[in-house]
Amino acid sequence: MNIGDKVRTLHGTEEGIISKISGNVVEIEIEDGFSIPVLKNEVVVIAKEEEKRFGSGYQEEEQGRFAARPTDKSPASPAVFSSKGIYTAFVPVNDKMFSLYIVNNTDFDLPFTVGVEKNQNHQGLYAGLIRGRDSIKINEVNIKDFDNWGVYIFQFLFAKRGYFAIKAPFVKKMRFRASTFFKSKAKAPVIEKEAYLFQLDKDETSGTLSSHDIGDIPQTDAESQAQAKAQQKPLDAAKLKEQMFAKNETVTVKDKPQFVETPEFEVDLHIDKLTGDSNKMNSGEILELQLKTFENKLENAIASGMSEIIFIHGVGNGVLSKEIHKRLSKNSDIQYYEDAHKEKFGYGATAVKLK
C-alpha cells in the first residue's frame, strides 16, 4: 500500500487515492482537496484487473458481491485523480546486477529524463514518456560499483488530456548510501516485484524515508529561493502564451537550467580571497563568510560526485579550523579528514575524503 494507490473502504462506500501514510493511518483523498483518515486495515487496494473489467461504477465486496452501477438518479461520484506516487526501484536480477525502473503510480503521463553526475561530468541515461500507472526499465547497474554510481538526477513534466491544474516541472537529485539502501526493500507498485524502493515525490510527513535517509542532495540557497518563488507566483496565461509563440527569442543566461557548480579542488578560505572589502568587517562577520563558503563548497563537492576536496584555512588562532573540523565530524557524507600536505600547507589546510 503506497501513496497514489486507488483504494476503497471495507465497511463503507468511499473510494479515493491515498494521499498520506502515517503509521497505521492513511489519508484518502475522496474529492479534490477533501481527505478522510482511515485505519490501514479498513481499506483495500483496488486491483487493476477489477478496475478494467468492472469500471469505476462498481464496487467489489469481500464476499464476492458487486454493487450495481449507479442509476441516472444517483449522484455521480467525482473523479479522483492521483498526482503523487513516482518511484525509482532497483529490482535484483542476481546477486550482482540490478534493473533500474522508474515507476509511475500516478494518473499523470510523465515526460522525463534520467542522468547521473560523477567525476564532474553529467551523463544522460534515458529520456522518454511514461504513462500513468506504468513503469519503464531504464538501466542495469552492478552492485560492486555502488560507491561509484554517482548522483542521479531525475526530471519530470506532468501531462494529461483535458483540463487540469498545471504542475511545475519536478527535479530530484539523489545519491544512494549503503547504510540505508539495503534497508529499503519493499514490493514496488505497478511492477509488483520486490525491489529496493525509493519514492521521489514523497511527502516528508507521510512516514516514508526522510531526505537524509536516502541521500538527497541539499539545495543551494539560490535553488531554494527560486523554488519558493515559483510556487508562490501565479502563472500569467497570457504572458506564457506570448512567450511560447514569440519568434527569434534568445535565451539569456538566467533562463538556462541551473546545475550544481563543481568547486575547485583546493578552496582557499583566507578572507582576502573571498572578498576585497574585509576592512569593513569585524571578526564575527569574517568567520561567518568563511564558514558559509566552506558549507557551500562542501555541499557542491558532494552533489557533483567529487571524491576529495581541500580547504585552506590557515593556522591563525585556530577558531576557523576547529569549527570546520567540528562540522566535518558530524557530516555523514564524509569518509575521513586529515591535515593536507604539510610540506605545502603546513598545518593550515584540511583534506576531506568524501564517500
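Colleague: Which residue stands opposite Val 267 in E18?
Modeller: That's Phe 311. Before we go on, this is a predicted model, with residues numbered from 1 along each chain as its sequence is written; local features need pLDDT of at least 70, side-chain atom pairs count only at pLDDT 80 or more, and totals for chains, interfaces and linings use all residues. Side-chain values use heavy atoms, leaving out hydrogens and water.

Colleague: And how do E17 and E18 run, parallel or antiparallel?
Modeller: Parallel, with 3 bridges joining E17 to E18, residues 308-312. Helices (H or I, at least four residues) and strands (E, at least two) are DSSP runs numbered from the N terminus, and two strands pair if DSSP finds at least two bridges between them.

Colleague: What sheet are they part of, and in what order do the strands come?
Modeller: An open sheet of 4 strands with mixed pairing, ordered E17-E18-E20-E19. E17 (266-268) and E19 (334-339) are at the edges with a single partner strand each, so one side of each has no neighbour in the sheet. From one strand to the next, the twist averages 20°. For angles here, axes are lines fitted to C-alpha atoms, for helices over the stretch in contact, and the range is 0 to 180 degrees between N-to-C directions.

Colleague: Which strands does H7 touch?
Modeller: H7 packs on the sheet against E17, E18, E19 and E20 (349-354), and its direction makes about 170° with that of E18. H8 packs on the sheet as well, touching E19 and E20, at about 155° to the direction of E19. Contact means heavy atoms within 4.5 Å.

Colleague: Where do the two helices sit relative to each other, say how they cross?
Modeller: The axes of H7 (residues 283-303) and H8 (residues 319-329) come within 11 Å, crossing at roughly 35°. The crossing is right-handed, meaning that the near helix is turned clockwise from the far one by less than a right angle; anticlockwise would be left-handed.

Colleague: Which residues make that contact?
Modeller: H7 supplies Leu 287, Gln 290, Leu 291, Phe 294, Glu 295 and Leu 298, and H8 supplies Val 319, Leu 320, Glu 323, Ile 324, Arg 327 and Leu 328. They divide into 8 nonpolar, 1 polar and 3 charged. The nonpolar class is Ala, Val, Leu, Ile, Met, Phe, Trp, Tyr, Cys and Pro, the charged class is Asp, Glu, Lys and Arg, and the others, Gly among them, count as polar.

Colleague: What do the side chains of Arg 327 and Glu 295 do?
Modeller: They meet in a salt bridge at 3.0 Å, N to O. The pair links H8 to H7, so it ties together parts that are 32 residues apart in sequence. Arg 327 is partly exposed at 32% relative accessibility, and Glu 295 is partly exposed at 25%. Shared partners join Glu 295, Glu 323 and Arg 327 into one salt-bridge network. A salt bridge is a side-chain nitrogen of Lys or Arg within 4 Å of a carboxyl oxygen of Asp or Glu; buried is under 20% relative accessible area, exposed over 50%, and partly exposed in between (1.4 Å probe, protein chains only).

Colleague: How many salt bridges are there in the whole structure?
Modeller: The search finds 9. Among them, Glu 140 meets Lys 137 at 2.8 Å, N to O, and Lys 144 pairs with Asp 145 at 3.4 Å between the closest N and O atoms. Lys 144 is exposed at 66%, while Asp 145 is partly exposed at 32%.

Colleague: Back to E20: is Leu 354 buried or exposed?
Modeller: Buried, at 3% relative accessible area; Leu 354 lies in E20. Beyond four places in sequence, Leu 354 has contacts including Leu 298, Ala 301, Met 306 and Ile 334. Asp 333, 21 residues away in sequence, is 6.1 Å from Leu 354, C-alpha to C-alpha.

Colleague: New topic: what's the pairing in the sheet E11-E10-E13-E14?
Modeller: Antiparallel, in an open sheet of 4 strands. E11 (121-130) and E14 (170-174) are the edge strands, pairing on one side only. Neighbouring strands are turned by 15° on average, direction ignored. E10 (residues 110-118) and E13 (residues 151-156) share 6 bridges, and Thr 113 has Gln 155 in E13 as its bridge partner.

Colleague: And how many helices and strands does the protein chain have?
Modeller: 9 helices and 20 strands. Of its 355 residues, 37% count as buried.
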